[in-house]
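Hello,

Here is the structure I promised to pass on to you. Please have a look at it first, and then read on for my notes.

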Amino acid sequence: MNDGAPVRWSGSGSPARRTVGSDVPEAPRLLVADDQPDVLEAVRMLARASGFDVRTATSPAAVLALCEAEAFDVCLLDLNYARDTTSGLEGLDLLARLRELDPTLPVVVMTAWGSIEGAIEAVRRGARDYVQKPWDNARLIATLSAQLELRQALRTVNRLDAEAARTRQAELPAIARRSRAMQQVMSLVERVAPSNASVLITGEHGTGKEVLARALHAASARRDKAFVAVNAGGLSDGVLESELFGHVKGAFTDARADRTGCFELADGGTLFLDEIANMPHAQQARLLRVLQTGEFHPVGSSRPRKVDVRVLAATNADVAREAAAGRLREDLLYRLNTVELQLPALRDRRDDIAELASTFLARAHSGARRTLSAGAMEALLAHSWPGNVRELEHVIERASLLAAGDAITAEDLMLRPRGDAAPKLEEMTLEQVERYLIERAIAAHDGNVSEAARVLGLSRSALYRRLASLGIRS
C-alpha cells in the first residue's frame, strides 16, 4: 500500500474504502495489466464501481514502471502480451519481477479458457489466485476483495511482529523507593500515571528515566498496548523523521517498501522520547503538530494518519536554559511538561543503594547466588556515583563476573576512592582516553550532554555517536 494503512471492510464481496488512521478514506489501489484496451476498460469500469482506485498498463515495462513509482494493494495481471503468443512466459517473468519489487503484493492472474496450466504455474510461482476470461463480474470482485483481506491480515501480523520486537524486554524490577526523594517521585507517579497527561522526566544521565517512563505506562490504562522508546537526540534529522512517522515506498532512495513509524506502532499506547532537548529543530516542529492535532504524515505521503498516543519525554539537560538558547522550542516544552518529574541523582538517594545493588546482583548472576560483603556494601555507600544507577548496575555486573568467591568484596568492585589521582593518560589506550575524557566531561556538567559536547569541542550528534560506539549510555 502506498501509505501502509490497514484496509477496513464494510461487508463481504466488495471492498469498503480504506481508512487511514480513524476517519480519512482512501480507496484500495488496483493495478490492471493487459494488452487489450477493451479488457482494461471493462475491468476499470467494474472495479471503480466496486470502490477501487484503478491504474492500467498494457506492457510488462509499463507495469514495472508503475510499481516502482507507486504502491498498489492488489494487481490483476494478464499472462500474455505479445501478439499471437499464448505461452504465458511474459507474464511469468513479470510475476517474478513484481515479487522482487514487493513480495507482499497480491497478484491475481488472468488467463483465457483452455490455458489453465499457465495459471496453475503462475500460482506455483507466487500468484495468489487466477480468473478465467471471460470472467464472471461477481467472482472477479470477490477474488480481488479476498486478496485485499489477506493483505490486511498479513500487514497486521507484520505490524504486531515489529511492535513485539520493539517492546520485547526483561521483566522490570520494582523501583527502589526507600529514600525520601524517591518516595516523593513515586507518589507523583501514582497520581499522574492513570491520566493521559504528557510527562517530562528530567534528571542526570543514568538515573533511570526510561525505567520511570515504563512504570508510568505500566500503571496507566494503556498498559496492554505498546510502549515504544526512541532516542530522539541520537538520530539525524532524516533518520529520526522516518523513525517517528514512517515512510511510504519510494519516498527516498532505498525506500523499497512502506515502513511503520513509532507513532503508529504506539497507537493506543505510550511513546517515550528520550533526549528530547537534543531533537533536531525541524522535527520538534513536526512533533508539536502531532501533539496538537493527533495527526501526522509519513515521509512521502500526503495523506494524514490519526493516532491516539500518550507521549512521555526525558532529558538530562536544563530545559529552561535550552529553551532560552533556542535549542528547544518553548511551545513544545509547554506541551511536553504538563507534569514534570525530576529523578534524583543516586548520591541523593543513598538509602536505595543496597536494594538496587541486591536487585542487580540477582539479575547478573544466574548460577549460585552471590552476596555482597560488608566491606563491599560500605564501598558502595561511600562512592560518589557520577554515573548514577546505570554505573551501579555495571559495577555489580562486572564484580559478579570477576569475583573469585561467593561473596563479593570491596576489591572486586574496583571502585576508585574519591580523591584518587587521575589515571596517567600515557598509560591508557586511545579508546580508554576517549572514554575517560567523555565521562569526566559529562560528570562535570551534571549529566548535561549538550554542555559536555561544547567543552569537548563536539556537536551533540557527534558526541552521541561516540557514546554509542563506546557503549556509554547518557
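How many helices and strands does the secondary structure of the protein come to? The total is 19 helices and 16 strands. Please keep in mind as you go through it that this is a predicted model.

A few overall values to start with. The protein has 474 residues, and 46% of them count as buried. Its accessible surface comes to about 22,500 Å², with 50% of that belonging to carbon and sulfur atoms. As for contacts between residues at least 6 apart in sequence, 68% of them join residues at least 24 apart.

The part I enjoyed most is the set of aromatic rings. There are four aromatic pairs in the count. One of them is formed by Phe245 and Phe263, which are stacked, with 5.6 Å from centre to centre and 5 degrees between the planes. Because Phe245 lies in helix α8 (residues 237-245) and Phe263 in helix α9 (residues 262-265), this pair ties together parts that are 18 residues apart in sequence. Phe245 also pairs with Phe296, this time in a tilted arrangement: the centres are 5.8 Å apart and the planes are at 35 degrees. Here the link is between distant parts of the chain, since Phe296 belongs to strand β11 (residues 295-296) and is 51 residues away from Phe245 in helix α8. Ring pairs thus join Phe245, Phe263 and Phe296 into a cluster.

Are these rings buried or exposed? Phe245 and Phe263 are both buried. For Phe245 the relative accessibility is 1%, so it counts as buried, and Phe296 counts as buried because its value is 3%. Phe245 has a charged neighbour too: the charged end of Arg286 sits over its ring, 4.2 Å from the centre. Elsewhere, Arg29 lies over the face of Phe72, at 5.0 Å from the ring centre.

Next, the strands. Which way do β3 and β4 run relative to each other, parallel or antiparallel? Strand β3 (residues 29-33) and strand β4 (residues 53-57) run parallel and are joined by five bridges. One partnership to look up is Val32, whose bridge partner in β4 is Thr56. Between the two strands the chain passes through helix α1 (residues 37-49), and this β-α-β crossover is right-handed.

Some loop residues deserve a look as well:

- Gly250 is placed in the loop between α8 and α9. With a relative accessibility of 47%, Gly250 counts as partly exposed. Its C-alpha is 7.1 Å from that of Glu70, although the two residues are 180 apart in sequence.
- Pro134 is in the loop between β7 (129-133) and α5 (137-167). A cis peptide bond joins Lys133 to Pro134, with omega at about -10 degrees.
- Glu275 lies in the loop between β10 (270-274) and α10 (281-293). Its phi is near 55 degrees, a positive value in a residue other than glycine. Glu275 counts as buried, as its relative accessibility is 1%.
- Met414 is found in the loop between α16 (410-413) and α17 (430-444). Though not a glycine, Met414 has a positive phi of about 55 degrees.

If you open just one view, I would suggest the ring cluster of Phe245, Phe263 and Phe296, together with Arg286 over the ring of Phe245.

Best wishes

Key
Residues numbered from 1 in each chain as written. Predicted model: local features only at pLDDT ≥ 70, side-chain atom pairs only at ≥ 80, totals over all residues. Heavy atoms only, no water. Phe/Tyr/Trp six-rings, centres within 6.5 Å; stacked < 30°, edge-to-face > 60°. Helix = DSSP H or I, 4+ residues; strand = E, 2+ residues; numbered from the N terminus. Buried < 20%, exposed > 50% of the residue type's maximum accessible area, 1.4 Å probe, protein only. Lys NZ or Arg CZ within 6 Å of the ring centre and 35° of its normal. Pairing = 2+ DSSP bridges. Right-handed = clockwise from strand over helix to strand, strands pointing away. Contact = heavy atoms within 4.5 Å. Areas by Shrake-Rupley, 256 points an atom, 1.4 Å probe, with all protein chains shown as cover.
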